[in-house]
Amino acid sequence: MAAFVLDSLEPLIAELRSRGFAVVGPVARGGVIRMEEISSAADLPRGARDEQTPGRYRLSTHDGDLMFDYAASPDSAKRFTQPPRQTLIRMRRGDIEEVEDEAPRLALLGIRPCDLAALAVQDRVFLGGRHPDPAYRRRREALFLVTVNCAVPGGTCFCVSMGTGPKATKGFDLALTELADPHRFVVEAGSEKGVDVLGALSQAAACDDDLAAAEEVSRIAAEHMGRQVDTEGIQQWLPQAHDSPRWSDVASRCLSCTNCTMVCPTCFCTTMEDSTSLSDGTAERVERWDSCFTLDFSELNGSPVRGSGEGRYRQWLTHKFATWYDQFGMSGCVGCGRCITWCPVGIDVTEELANLR
Amino acid sequence: MGTRKGTAVTRSVRKRTEGVPRLAVWKFASCDGCQLTLLDCEDELLSVAAEVEIAYFLEASSAPGPGPYDLSLVEGSITTPEDLERIQHVRRVSKHLVTIGACATAGGIQALRDFGDVREFAAVVYARPGYIATLDRSTPISANVPVDFELRGCPIDKRQLLEVISAFLAGRRPVVPAHSVCVECKARGNACVMVAHGTPCLGPVTQAGCGALCPAFDRGCYGCFGPMESPNARALNKQLRALGMSTPELVRVYRTFNATAEPFRQASESAENSREADDDA
Ligand code: SF4
Ligand code: SF4
Ligand code: SF4
Ligand code: SF4
Ligand code: SF4
């Protein structure tokens with residue numbers, strides 16, 4: 001695929017907006033990189049760097065032009081493809097009204113290679129079975145994906161182990177690699193839509209030096225993974241570790257707070273809430289994010305099937321790394337490290353797996 | 001804490017009375033903040049007033065109607081000998097009894113007396129403590145009479161209060177999840193103050209309901225909705241110490257609105273008794 005060079009992202013952002021996309025990109029807010037709507041390249045967090053360790057995240061600002069000098073943030077594409085809350089149906093005096101949610105045309109700028117892998121997992125979960133989810137499909141098809149290859153993996157990243165990064169190979173419309181001195185981006189199109197958008201911009205073909213520099217960025221990133229997992233035979237041995245004493249050890253540290261599942265880009269579990277309004281007799285059914293760490297999640301006949309902390313942690317880890325293969329033919333983990341960073345007590349899936357093995 | 005969920009709610013209040021359901025609001029030892037949440041419902045209160053007869057609500061009207069009542073909302077804890085008798089009366093005249101707020105559900109801030117000697121406090125506060133008739137402990141309603149549902153919070157959340165009233169009127173189980181505040185915090189898109197700022201937060205051991213209000217304003221959760229369904233305060237305490245909290249600070253965070261809710265009582269006592277025990281855990 002032909003590669004080009006962009007000196008600025010401003011024309012790309014303007015082009016996407018002129019095509020009716022809301023551009024969602026990284027911004028620094030509240031000491032964290034969030035994915036929010038932006039209107040210009042000036043909104044991007046120039047000079048921001050993150051420090052990620054188990055249970056700890058810190059953002060700092062440095063000199064220089066780099067805008068993507070950090071790793072995955074708590075917001076993955078999930079917040080947009082599977083919003084935290086959505087109304088499914090509304091009913092008024094017996095009349096059912098299906099809530100046709102309008103899928104917003106979103107350009108996700110700066111999502112990471114591991115996020116693209118997570119989208120492929122979501123596609124399999126929501127669209128690959130016997131009952132595809134039409135709302136997910138609408139939202140998914142309305143996306144334009146501009147990924148940024150990672151230059152600086154976070155301290156909790158392990159995409160190399162999971163084969164999902166730090167350089168994107170598929171699943172994007174455009175892929176950027178950010179280069180310094182001079183500040184520029186090597187850009188490749190990965191789809192017809194991407195070729196079309198790129199064609200509308202004035203760009204120069206990337207020269208050999210640009211391509212070599214981009215390769216170097218990805219090569220160095222791959223050598224600097226914060227974590228690793230030995231995935232050899234994991235689908236077999238992990239379920240067999242069902243009776244390991246390690247589960248009660250991790251349960252003694254785990255808060256069952258659900259943060260790991262909430263930030264995981266592939267965890268898809270939801271619950272339904274029905275409500276009735278006092279004022280106008282409207283009844284509503286809402287779907288919202290849930291987690292296998294809550295007791296309601298496995299409640300049957302008034303009591304939870306997974307009442308113990310051991311049982312709940314085992315469900316999470318085993319599902320992500322092993323039984324997901326049985327269910328969907330792929331790993332449920334893409335190695336983004338979010339669950340490690342955003343666990344308030346720093347429980348590390350890679351360490352738990354190493355200890356269980 | 002008595003009943004965890006509204007499993008007792010199986011039938012419509014309205015069907016039982018063949019008329020307009022009658023609602024009563026009762027006050028025991030409390031600050032009135034939870035009743036004010038009901039008054040604060042303004043528009044919704046008008047529709048509540050259309051759906052139910054608010055037969056007894058001294059905060060809103062000075063002309064109480066007689067019992068029995070289909071739904072009683074009870075605010076406040078039991079702290080005097082007179083309360084002990086009155087709560088029996090309330091239970092007798094109420095088909096459904098729902099406690100509202102930390103006082104009624106866990107004993108409230110006044111349950112701090114449980115950790116000391118109430119006679120000593122009275123001697124310090126009152127010129128003639130002999131006139132004070134008070135119990136040694138502040139107890140939740142469920143310690144005295146059976147309760148159909150407990151709504152948490154200090155104060156309660158308006159949205160949850162309307163949900164509970166709607167649910168009782170419709171004869172369904174209220175949607176009041178018992179999981180952690182973190183669930184709401186992540187759904188809301190807050191930055192986690194523990195992880196991103198190093199600010200101590202009780203969210204992981206506290207029941208949701210407030211919509212993760214404090215973390216939305218860069219504050220740690222104060223635990224005003226009381227212990228969540230499966231709190232692991234020992235594990236959280238270890239992290240709170242790592243973030244720099246001292247033993248007295250740790251004791252104090254658990255001894256506020258829900259100090260005598262069992263998991264919070266244990267959390268403060270274990271912090272107090274043994275720093276080592278938490279560190280080794
Ligand atoms: S399990 Fe953890 S590392 Fe794996 S995809 Fe989920 S959040 Fe990322
Ligand atoms: S790990 Fe838990 S929350 Fe995540 S997808 Fe599996 S069951 Fe659902
Ligand atoms: S896991 Fe890999 S692709 Fe994802 S943020 Fe880290 S380095 Fe980038
Ligand atoms: S592993 Fe961490 S984030 Fe997940 S439920 Fe346990 S304490 Fe919470
Ligand atoms: S800020 Fe507090 S409530 Fe929110 S996710 Fe972090 S620990 Fe949980």
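**Note on the two domains of chain A and the shell of ligand 2**

1. In this predicted model, the C-alpha centres of domain 1 and domain 2 of chain A lie 25 Å apart, where domain 1 covers 3-223 and domain 2 covers 234-356, with bounds that come from an automatic or database domain assignment.

2. Local features need pLDDT of at least 70, side-chain atom pairs count only at pLDDT 80 or more, and totals for chains, interfaces and linings use all residues, while side-chain values use heavy atoms and leave out hydrogens and water. Residues are numbered from 1 along each chain as its sequence is written, and chains are lettered from A and ligands numbered from 1 in the order in which they are written.

3. The area buried between domain 1 and domain 2 of chain A is about 3500 Å², of which carbon and sulfur atoms give 59%; buried area is the accessible area (1.4 Å probe) that two parts lose on being put together, summed over both. On the side of domain 1 of chain A, Lys78(A), Val121(A) and Phe158(A) lose the most area to domain 2 of chain A, together 17% of what that side buries.

4. Between domain 1 and domain 2 of chain A there are three salt bridges, each a side-chain nitrogen of Lys or Arg within 4 Å of a carboxyl oxygen of Asp or Glu. Asp115(A) forms a salt bridge with Arg338(A), in which the closest N and O atoms are 2.9 Å apart.

5. Ligand 2 is surrounded by residues including Cys267(A), Cys269(A), Cys292(A) and His319(A) (a residue is near a molecule if one of its heavy atoms lies within 4 Å of it).
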